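Here are my notes for you on this structure, set out as numbered points. Please keep the picture open beside you as you read.

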Amino acid sequence: MTTISTTRSGGNGTGGDDYEVTLALHGTIVALIGGVVTIVWALTGAGQFWPMWVWLGLLITLAVHALGRQLVDTLEGRTRPIVFHTAVTIFFCVLEVVIWLMAGGGYFWPIWPIVGLGSILGVHALIVHKDLLPTRERELTERVDELTRTRRGALDVQAAELRRIERDLHDGAQARLVALSMQLGRAEERLEDQPDVAELVRRARGEAGAAIKELRDLARGIAPPVLADRGLVAAVESLGQRSAVPVAVDAKIERRLLPVVETAAYFVVAEALTNVAKHAPSASARVTLAERDGLLIVEIADDGPGGAADFGPAPGSTGLAGLRNRVEALDGHLRVTSPAGVGTAIRAELPCRDEETP
């Protein structure tokens, strides 16, 4: 038993071969009928060439057969109807002009059907355009929302990974170094009668202490424990207490924010206070934290000499430019105002509305 399958491919497979065969057969029939009619015209004494109307009808059927199938097979999507309508309109407009020429010319009456067909096509095009425009806008909006969600998810994963690294450093390497330092201290006490060896142990204990301090600073720079345990307000107050310049903190936040938002705000404050201590050691600073209209407002102002540069975004940069990159990664904004002789004010605005909040 033999099974024959057909497909509607344009030029490959059984469907394409069938279409070419039927189109060739149609062309042969057109030529045969047209030829017979022309012979009849010649045998009946010629005269006015009336077979041209027969030829016109036959060629119209052949053109519809050829062009119609191509349009159906190649057009896809929501624009298919308007493209098909355009092709049909052009076809009939050309046909009207051909009939006018075959009829001997004269008054150009095809202008009226052409205007009518063109008007209908124009109305159809306007309807399709208005129908497609909201769809494209919706697709773009959905794409932007998707990119925003995936970027926020990547940032949340990064923040969680940094917190995990901080915990591993604190509970792993740092704890082992503390235990090593204590053991070296006990060993040093037992080597009082061997001063040379005791001195070597003392130096090793000093190196272990320095390594502990470096690890603690590194862990604090990755994800400060106080930020994870007690939140942004407590972390900023801790920064103010450790700062080399006097710092006043005014915080009006009553809830925990997303970890990635709290981390970005913390480092904005930390970098700003570091810049104050570095460039204006005799100045004082004020840090303000507030949540308004779904935004976390972070402001750091000092009464130093001012003149700080508001650097633009630069990948891999540090300082103010690095802060700008960190803030803009969360769809936030950072502005630096630093007139000479007045002081510097840094304002960061970070979106802090939770994903499930409308």
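1. To begin with the chain as a whole, this is a predicted model, and of the 358 residues in the chain, 30% count as buried. If we take the contacts between residues at least 6 apart in sequence, 65% of them join residues that are at least 24 apart.

2. The secondary structure consists of nine helices and five strands. Reading from the N terminus, you will find the elements in the order α-α-α-α-α-α-α-β-α-β-β-α-β-β, and the next three points look at one part of that order.

3. Helix α7, which covers residues 232–242, is a useful element to follow by eye. Its buried residues are L232, A234, A235, V236, S238, L239 and G240, and these buried residues of α7 pack against the helices α6 (225–230) and α8 as well as the strands β1 (247–252), β2 (285–292) and β3 (295–302).

4. How are two packed helices described? In general, one gives the angle between their axes together with the distance between those axes. For helix α7 and helix α8 (residues 259–279), the axes come within 10 Å and cross at roughly 15°. Because angles under 35 degrees count as roughly parallel, α7 is described as roughly parallel to α8. The crossing in which α7 passes α8 is right-handed.

5. Which residues of α7 and α8 meet? On the α7 side they are L232, A235, V236, L239, G240 and R242, and on the α8 side they are E262, A265, Y266, V269, A270 and L273. Sorted by class, this contact of α7 with α8 has nine nonpolar residues, one polar residue and two charged residues. You may notice that L232, A235, V236, L239 and G240 also appear among the buried residues of α7.

6. Turning to the aromatic side chains, the structure holds four aromatic pairs. One of them joins W100 and F108, whose ring centres lie 4.8 Å apart with 90° between the planes, an edge-to-face arrangement. Is W100 buried or exposed? With a relative accessibility of 15%, W100 counts as buried, because the cut-off for buried is under 20%. F108, by contrast, has a relative accessible area of 32% and is therefore partly exposed.

7. Another aromatic pair is made by Y266 and F267, with ring centres 5.4 Å apart and planes at 85°, so this pair is edge-to-face as well. Both of these residues are buried, and Y266 is also one of the α8 residues that meet α7.

Key: Residues numbered from 1 in each chain as written. Predicted model: local features only at pLDDT ≥ 70, side-chain atom pairs only at ≥ 80, totals over all residues. Heavy atoms only, no water. Axes fitted to C-alpha atoms, helices over the stretch in contact; angles between N-to-C directions. Helix = DSSP H or I, 4+ residues; strand = E, 2+ residues; numbered from the N terminus. Parallel < 35°, antiparallel > 145°, perpendicular 65-115°, else oblique. Left-handed = near helix turned anticlockwise from the far one by under 90°. Contact = heavy atoms within 4.5 Å. Nonpolar A, V, L, I, M, F, W, Y, C, P; charged D, E, K, R; others polar. Phe/Tyr/Trp six-rings, centres within 6.5 Å; stacked < 30°, edge-to-face > 60°. Buried < 20%, exposed > 50% of the residue type's maximum accessible area, 1.4 Å probe, protein only.
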